[in-house]
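Welcome, and thanks for taking a look at this one with me. Below are some numbered notes to read alongside the structure.

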Amino acid sequence: MTTGLQVRNVSKNFGGLRVARDITLDLPAGARTALIGPNGAGKTTFANLIIGALEPTSGSIYLDGHDISKLPEATRVGAGIAKTFQITNLFRSLSVRDNVRLPILERERRTASFLRRYDGDSAVEEEVEKTLAEFQLLPLADHLVRNLAYGQQRLVELALTLSLKPRILILDEPAAGVPSSDSHLIIDAIKRLPADLSVLIIEHDMELVFEVANRIIVLVNGTILVEGTPQEISQDPKVRELYLGAGHG
Amino acid sequence: MSANSTIAAARPQIRGAATFLPPIILLAGAFVAFWLFPYDLGFMTRILIMMVFVLSFDLILGYAGIATLGHAAMYGCGAYAAGLFAIHVSADPLLGLAIGAAAGALIALVSGLLLMRAHGLSLLMLSIAVTMVLQETASKARGITGGADGLTGISMGPVLGIFEFDFIGKTAFWYAFCVLFVILLVLRVVVASPFGLALRGIKDSPSRMRAIGTPLYRRKVAAYVLGGAIAGIAGALTAQITSLVSIEAFNFALSAEVMVMLVLGGAGRLYGALIGTLVFMTVHHIAAGIDPFNWLFVIGFMVLAVVFFLPEGLISLPKRLMRLD
């Protein structure tokens with residue numbers, strides 16, 4: 001059986017506008033793939049197609065050989081696909097600890113339970129503390145997320161998503177809006193991700209891309225322009241033209 | 001001992017005080033009110049029932065963030081179901097409460113399956129529409145509900161087979177208080193459960209909840225049904241204690257007042273619902289007594305002041321005052 005995520009000839013139209021065209025790619029276990037491209041290339045749309053927030057107009061998406069193209073978002077998350085948001089999307093009036101606790105409870109299928117306290121399960125609590133410690137968030141654990149600096153919120157976003165223990169992780173511009181003084185926190189956290197986790201990073205920050213990705217896909221106008229190793233991509237004339245302008249010699 | 005471990009050691013004590021103090025204050029408050037205002041037991045009982053009703057709305061709006069203007073639908077169904085049950089089947093009050101809860105839950109389930117797919121303005125409009133349909137149905141089914149004259153002839157048996165409803169309203173007061181107390185304790189368990197945390201997550205960010213795999217629709221319907229059951233209990237209490245179910249039980253103004261009481265006290269805190277109801281009904285009672293034609297001005301200004309200066313409701317007043325130091 002094929003493991004990991006396979007995308008086959010996926011297209012998405014919004015009325016007459018084609019935002020994803022015939023995209024085919026593989027995300028095997030342990031992949032560190034970066035998806036780059038200019039604004040409006042369709043990167044976030046593509047991420048939303050994988051996570052199930054959008055349904056493809058045509059084509060199929062397979063997880064471990066099973067077609068998941070028609071499954072709703074919640075079911076895909078349960079199957080092991082998770083995504084961080086381009087613009088931080090957290091539970092702002094909950095504490096950092098609750099932001100990490102809630103996905104763990106959801107992963108363990110506990111959020112339908114009425115009868116016990118949400119902080120009453122020692123195994124869950126242990127995992128919450130471990131995750132907070134991993135992301136150096138323990139000193140902020142009892143702070144409300146809305147009171148944190150943006151860089152810290154991005155870390156919570158990452159901690160929250162990883163609490164789902166995904167097998168396929170999509171990071172949508174994880175360093176967007178983070179001051180350069182704090183971006184090492186994000187880069188370090190990405191480098192520490194489990195080796196068997198398959199990661200797709202959508203990012204504009206080339207420094208981050210070249211530091212963490214071992215394969216890069218360039219998306220332009222909803223279609224894959226070129227893909228290859230970081231070295232191949234950096235030397236590709238089409239990419240150089242796209243990023244540095246036609247006159248670059 | 002380090003500062004962190006001192007804080008960690010103090011946490012269970014703080015949680016213990018937070019757990020036991022408010023119910024004790026509530027109980028003490030009921031005793032004081034009972035002795036201080038023996039001739040206002042009817043009015044105070046109405047406040048207690050309305051507290052149950054507003055608590056049910058707090059679960060839906062305050063915790064899950066589901067804004068509706070049709071909460072009277074469940075209250076009215078609970079009232080009619082309990083009234084009809086008392087007339088035709090059994091005069092036992094507790095059985096009647098169970099029937100009221102079941103009726104409230106049933107109508108919340110049936111309407112919630114549709115309503116919980118809607119958002120924002122559509123949800124507000126649909127919730128009003130459901131209540132209007134029910135009001136019209138109750139009005140037309142004159143043979144069963146008494147129509148515009150209301151459902152009369154309700155006569156209740158003693159509570160637990162012991163406490164007869166008396167003319168002064170002592171039994172009604174303590175009966176309503178006990179129901180409120182139990183509902184409050186139940187809701188405290190619910191909001192402190194994983195389900196309660198999930199509701200707060202839904203209120204904060206539905207898209208993020210979906211992205212962590214929560215079946216959003218099912219959780220919202222479950223919250224709506226639970227809130228509906230409690231609203232049904234409030235309606236049943238009204239029917240049992242006043243021996244009358246008016247068509248006004250489905251009134252739009254009632255749904256709107258419940259929202260005002262909750263916002264006034266502070267949504268998503270349970271005790272905010274109690275404070276908001278107490279303040280709203282007391283001010284309403286006094287202001288209407290002084291000037292029966294212009295009392296709405298007082299309520300209006302009060303709500304304006306709270307929304308502008310205390311957006312988290314009256315329950316946040318002590319914290320706000322402490323911050324002024």
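1. Let us begin where the two chains meet. In this predicted model, the contact draws on 26 residues of chain B and 32 residues of chain A. About 2,600 Å² is buried between chain B and chain A, with carbon and sulfur atoms giving 58% of that area.

2. Now for the charged and polar pairs across the interface. How many salt bridges are counted between chain B and chain A? The count is 1. The side chains of B:Arg208 and A:Glu157 meet in a salt bridge, at 2.3 Å from N to O. As general background, side chains of opposite charge can pair when their charged atoms come close. Between chain B and chain A there are also 11 residue pairs in polar contact, with both residues at pLDDT 80 or more.

3. Which helices of chain B each supply at least two residues of the side that touches chain A? They are H1 (3–36), H7 (170–191), H8 (194–204), H9 (206–211) and H10 (216–242). H8 of chain B gives the most, with 7 residues. By residue type, the side of chain B that touches chain A divides into 13 nonpolar, 6 polar and 7 charged.

4. Helix H7 of chain B has a detail worth finding on screen. B:Phe177 and B:Phe181 form a tilted aromatic pair, with 5.7 Å from centre to centre and 35 degrees between the planes. These two residues are 4 residues apart in helix H7 of chain B, so about one helical turn separates them. Over all chains, the structure holds 11 aromatic pairs.

5. Please also look at B:Ile315, which sits in the loop between helix H13 (295–309) and helix H14 (317–324) of chain B. Setting aside its neighbours within four places in sequence, B:Ile315 is in contact with B:Gly265, B:Gly266, B:Arg269, B:Tyr271, B:Gly272 and B:Ile275. For a sense of scale, B:Ile315 and B:Leu114 are 201 residues apart in sequence and 33 Å apart in space, from C-alpha to C-alpha.

6. Turning to salt bridges in the whole structure, a search finds 16 over all chains. One to look at joins the side chains of A:Arg97 and A:Asp142, at 2.5 Å from N to O. A:Arg97 lies in helix H3 of chain A and A:Asp142 in the loop between helix H4 (122–134) and helix H5 (150–162) of chain A, so this pair ties together parts that are 45 residues apart in sequence.

7. Finally, a word on confidence. Chain B averages a pLDDT of 90, and 94% of its residues score at least 70. Do take care with residues 1–7 of chain B, where the pLDDT is below 50; beyond near neighbours in sequence, this stretch has 1 contact in the model. Chain A averages a pLDDT of 88, with 97% of its residues scoring at least 70. Among the elements of chain A, helix H3 (residues 96–107) has the highest mean pLDDT (95) and helix H9 (residues 237–244) the lowest (77).

Notes
Residues numbered from 1 in each chain as written. Chains lettered and ligands numbered in written order. Heavy atoms only, no water. Contact = heavy atoms within 4.5 Å. Buried area = accessible area lost by both parts, 1.4 Å probe. Salt bridge = Lys/Arg side-chain N within 4 Å of Asp/Glu carboxyl O. Polar contact = N/O pair within 3.5 Å; in protein donor to acceptor, adjacent residues only side chain to side chain. Nonpolar A, V, L, I, M, F, W, Y, C, P; charged D, E, K, R; others polar. pLDDT = per-residue confidence, 0-100. Phe/Tyr/Trp six-rings, centres within 6.5 Å; stacked < 30°, edge-to-face > 60°.
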